[in-house]
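The exercises below are meant to be worked through with the sequence and the coordinates open side by side. Please try each task before reading the solution that follows.

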Amino acid sequence: MPSYKYGTTTIDYDLEYCSPKSDVSISVEWINGVKVIAPKNLDADQLDDILYKKASWILKKWNEFNKIEGPPAPKEFVSGEKFPYLGRHYRLKVHKNEAVKNPHLQFKNGRFMTHIPTDLEATE
C-alpha cells in the first residue's frame, strides 16, 4: 500500500491506474480508507503534487470518519438501563408481578417504569 507524508502525518492509500482516465479521483471512505484512481501515464511526482494539494481535504474527511461511533449495543430492557427521551437519558425500573396480565410502561418521577408478568419470556 503506497503512502504519502503530509507534515507529520502519513496518509496510506490504495492506488489504482485506469488507462482511459484523464484526471485523478480521490475518495475517502469510513471502511475502505483513502483510494486514488489515476491515469496510467501519471508519474510519481505529478501524483505527489496532487496529493499535496488535496492532503488537508483528505485529513479533514478522515478525521470526520474517526468521530463516527459504531452502532449502539442492543437494549436488554433490564432495571437500571438508560433510555433517551426528550434529549436526556432516563433509567428503567422493571417490576415483575404475577397479578399483571399485560405488560405496560409509564414515565413517572423521572424514570421509566414497566410492569410485566413474572412468566413473560424474552423474544428476539
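**Exercise 1.** Find what kind of contact joins the side chains of Lys61 and Glu64, and state where the two residues lie.

*Solution.* Begin with the distance: the separation from N to O is 3.8 Å, and since the cut-off for a salt bridge is 4 Å between a side-chain nitrogen of Lys or Arg and a carboxyl oxygen of Asp or Glu, the side chains of Lys61 and Glu64 meet in a salt bridge. Next, place the pair in the fold of this predicted model: both Lys61 and Glu64 belong to helix α1, where 3 residues, or about one turn of the helix, set them apart. Finally, consider the accessibility of each partner: Lys61 has a relative accessible area of 27% and is partly exposed, and Glu64, with 36%, is partly exposed as well.

**Exercise 2.** Determine how many salt bridges the model contains by this rule, and describe the partners of Lys35 and Lys21.

*Solution.* The count comes to 3 salt bridges. Lys35 pairs with Glu16, and the closest N and O atoms of these two residues are 3.2 Å apart. Because Lys35 lies in strand β4 (residues 33–39) and Glu16 in strand β2 (residues 9–18), this pair ties together parts that are 19 residues apart in sequence. Lys35 is partly exposed at a relative accessible area of 33%, and Glu16 is likewise partly exposed, at 35%. Turning to Lys21, the salt-bridge partner is Asp23, with 3.3 Å between the closest N and O atoms; Asp23 counts as partly exposed, its relative accessibility being 44%.

**Exercise 3.** Identify which residues form the negative surface patch and which form the positive one, and locate one member of each.

*Solution.* The negative surface patch is made up of Asp43, Asp45, Asp48 and Asp49. Take Asp49 as the member to locate: Asp49 sits in helix α1, which spans residues 44–66, and counts as partly exposed with 48% relative accessibility. The positive surface patch, in turn, consists of Lys82, Arg91, Lys93 and Arg111. Here Arg111 serves as the example, being a residue of strand β8 that counts as partly exposed at 34% relative accessibility.

**Exercise 4.** Find the nonpolar patch on the surface, and say whether its member Ile68 is exposed or partly exposed.

*Solution.* The nonpolar patch is formed by Trp30, Ile31 and Ile68, which together have about 340 Å² of accessible area. To place Ile68, look to the loop between α1 and β5 (82–85). The relative accessibility of Ile68 is 40%, and for this reason Ile68 counts as partly exposed. Pro74 lies in the loop between α1 and β5 too, but with a relative accessible area of 69% Pro74 is exposed. The C-alpha atoms of Pro74 and of the patch member Ile31 are separated by 22 Å, the two residues being 43 residues apart along the chain.

**Exercise 5.** Explain what is notable about the phi angles of Phe77 and Asn109, and work out where these residues lie.

*Solution.* Start from the general expectation, which is that most residues other than glycine have a negative phi. Phe77 has a positive phi, near 60°, although this residue is not glycine, and Asn109 likewise has a positive value, near 55°. Phe77 is placed in the loop between α1 and β5, whereas Asn109 is found in the loop between β7 (104–108) and β8. As for accessibility, Phe77 is exposed at 56% relative accessible area, and Asn109 is exposed at 70%.

**Exercise 6.** Give the separation between the C-alpha atoms of Thr10 and Pro20, and then assess the confidence of the prediction.

*Solution.* Thr10 belongs to strand β2 and is partly exposed, with 42% relative accessible area. Although Thr10 and Pro20 are 10 residues apart along the chain, their C-alpha atoms are separated by 29 Å. For the confidence, note that the mean pLDDT of the protein is 89 and that 98% of the residues score at least 70. Among the elements, strand β1 (residues 3–6) has the lowest mean pLDDT, 89, and strand β8 (residues 111–116) has the highest, 94.

How values were computed
Residues numbered from 1 in each chain as written. Predicted model: local features only at pLDDT ≥ 70, side-chain atom pairs only at ≥ 80, totals over all residues. Heavy atoms only, no water. Patch = residues over 30% accessible without salt bridge, like charges linked within 9 Å, V, L, I, M, F, W, Y side chains within 5 Å. Areas by Shrake-Rupley, 256 points an atom, 1.4 Å probe, with all protein chains shown as cover. Lys, Arg positive; Asp, Glu negative; His and termini not counted. Charge placed at Lys NZ, Arg CZ, Asp CG, Glu CD. Helix = DSSP H or I, 4+ residues; strand = E, 2+ residues; numbered from the N terminus. Buried < 20%, exposed > 50% of the residue type's maximum accessible area, 1.4 Å probe, protein only. pLDDT = per-residue confidence, 0-100.
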